[in-house]
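Here is a short report to read with the sequence and the 3D view open. Find each residue in the view as you come to it.

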Amino acid sequence: MSTSITLSREDVVRLTERVEGAQKRAVAIPKLTEEYPGMTLADSYAVQNELRQRYLAQGHRLVGWKAGLTSKAKMRQMGVDVPSIGFLTDRMARPENSAITLSDLVHPRVECEVAFVMKADLKGPGCTSADVLAATGYVLPAIEIIDSRFHGFKFDLESVVADNSSSARFVGGGRARYADDLDLRTLGVVLEKNGEIAAMGASAAVLGHPAEAIAMLVNILAELGESLPAGSFVMSGGITEAIPVKAGDHVIARFQELGSVGARFV
Ligand code: 0L1
Ligand code: MG
């Protein structure tokens with residue numbers, strides 16, 4: 001991140017409280033840059049970090065991280081050109097095929113992603129995809145349910161990073177595999193919604209190789225003074241564009257080599 005923090009501590013706390021309120025009450029708010037047009041990406045990660053500290057102080061447990069906006073389809077859909085990261089807590093995890101309540105979300109959309117479970121710590125800067133693969137215990141398919149807390153899902157990178165990169169819920173499942181046994185670049189995925197094909201793609205859509213997204217994430221963490229501990233669950237980013245869902249819908253992401261992972265919404 002080639003930017004520095006420009007917000008005062010008071011402003012970081014104020015914006016964090018605004019984002020936390022929107023997440024907890026499921027209400028849409030204006031993008032943060034409307035009030036702070038000069039906000040930098042470093043400011044946004046300062047807000048995200050403050051949000052993480054607040055949730056941890058409330059008893060939420062950090063279980064991993066996600067890379068966001070890592071495919072051209074996602075960047076095009078959202079009008080941004082740089083990937084982002086967000087943190088994942090135990091409160092966001094949902095069991096495979098369980099009923100996921102949507103009344104506590106604002107604009108839910110689903111993405112299918114390759115998730116990595118780490119067996120060794122990783123620390124940047126300079127983390128490469130080879131380092132990621134050496135530190136990976138196994139990979140598995142995941143569905144991410146993102147939720148932007150900004151009016152009309154309209155935002156810029158600075159606002160969305162402060163909103164924890166739209167993290168909301170996630171579901172891991174399918175078949176866990178050793179990364180060495182697969183070509184992680186060429187995994188096909190078909191996302192079905194209510195029995196119809198809603199999107200499809202191949203894992204190379206994620207920065208050419210999903211492990212590149214995890215390396216990018218580790219290098220951003222290093223800029224934030226953080227590392228990725230062994231045991232982390234890390235999502236590498238949506239392979240296709242995100243698909244809106246509402247109560248009554250069910251989705252299933254069918255991955256080549258990794259089986260299927262599903263979710264239904266109430
Ligand atoms: O996981 C993602 O790619 C989400 C990043 C934030 C942008 C969005 O809400 O779509
Ligand atoms: Mg995602």
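## Thr136 and Pro141 in strand E5

Thr136 sits in strand E5. The model is predicted. Is Thr136 buried or exposed? Thr136 has 21 other C-beta atoms within 10 Å, so it counts as buried. Leaving out residues up to four places away in sequence, Thr136 touches Phe116, Met118, Lys119 and Ala179. Now look further along the chain. Ser232 is 96 residues from Thr136 in sequence, yet their C-alpha atoms are 9.7 Å apart.

Pro141 also belongs to strand E5. Pro141 is buried because 27 C-beta neighbours lie inside 10 Å, and the cut-off for buried is 20 or more. Which residues does Pro141 contact, apart from those within four places in sequence? They are Cys112, Val114, Gly173, Gly174, Ala253, Phe255, Leu258, Gly259 and Val261. Gln58 makes a useful contrast with that list. Pro141 and Gln58 are 83 residues apart in sequence, and 29 Å separates their C-alpha atoms.

## Around ligand 1

Which residues come nearest to ligand 1? Of the 16 residues around it, the nearest are Gly68, Ser148, Val160, Ser165 and Ser166. Three elements each give two or more residues to this shell: strand E1 (62-68), helix H3 (72-78) and strand E5 (136-147).

Sort the shell by class. It has five nonpolar, seven polar and four charged residues.

## Helix H2

Helix H2 runs over residues 41-57. How far should its 17 residues span at 1.5 Å a residue? The expected span is 24 Å, and the end C-alpha atoms are 24 Å apart, so the two agree. Right after H2 comes Gly59, with a positive phi of about 100°.

The buried residues of H2 are Leu41, Asp43, Ser44, Tyr45, Ala46, Val47, Gln48 and Leu51. What covers them? The cover includes helix H1 (9-25), strand E2 (84-89) and helix H5 (157-162).

## How H1 meets H2

Two packed helices are described by the angle between their axes and the distance between those axes. For H1 and H2 the angle is about 65°, and the axes are 9 Å apart. Their crossing is right-handed.

H1 brings Val12, Val13, Leu15, Thr16, Val19 and Glu20 to this contact. H2 brings Ala46, Val47, Glu50, Leu51 and Arg54. By class, the contact has seven nonpolar, one polar and three charged residues. Look back at the buried residues of H2: Ala46, Val47 and Leu51 are among them.

## Helix H6

Helix H6 spans residues 210-223. At 1.5 Å a residue, its 14 residues should cover 20 Å. The end C-alpha atoms are 21 Å apart, which agrees.

Why is H6 described as largely enclosed by the rest of the structure? Eleven of its 14 residues are buried, so the description follows. The buried ones are Pro210, Ala211, Glu212, Ala213, Ile214, Ala215, Met216, Leu217, Val218, Ile220 and Leu221. They pack against E1, E2, E4, H4 and strand E9 (233-235). After H6 comes Gly225, with a positive phi near 80°.

## Backbone exceptions

Most residues other than glycine have a negative phi, and most peptide bonds are trans. Here are some residues to check against that rule.

Ala26 has a positive phi, near 55°, and is not a glycine. Ala26 is in the loop between H1 and H2. With 16 C-beta neighbours inside 10 Å, Ala26 counts as partly exposed, because buried needs 20 or more and exposed needs 12 or fewer. Leu207 is another residue other than glycine with a positive phi, near 50°. Its loop lies between strand E8 (196-202) and helix H6. Leu207 has 21 C-beta neighbours inside 10 Å, so it counts as buried.

Which residues does the cis peptide bond join? The bond links Gly124 and Pro125, with omega about 0°. Pro125 is in the loop between strand E4 (108-118) and helix H4 (129-134).

Key: Residues are numbered from 1 along each chain as its sequence is written. Chains are lettered from A and ligands numbered from 1 in the order in which they are written. This is a predicted model: local features need pLDDT of at least 70, side-chain atom pairs count only at pLDDT 80 or more; totals for chains, interfaces and linings use all residues. Helices (H or I, at least four residues) and strands (E, at least two) are DSSP runs, numbered from the N terminus. The expected span of a helix is 1.5 Å times one less than its number of residues. Two residues are in contact if their C-beta atoms, placed from the backbone, lie within 7 Å. Axes are lines fitted to C-alpha atoms, for helices over the stretch in contact, and angles run from 0 to 180 degrees between N-to-C directions. A crossing is left-handed if the near helix is turned anticlockwise from the far one by less than a right angle, and right-handed if clockwise. Ala, Val, Leu, Ile, Met, Phe, Trp, Tyr, Cys and Pro count as nonpolar, Asp, Glu, Lys and Arg as charged, and the others, Gly among them, as polar. A residue is near a molecule or strand if its C-beta atom, placed from the backbone, lies within 6 Å of it.
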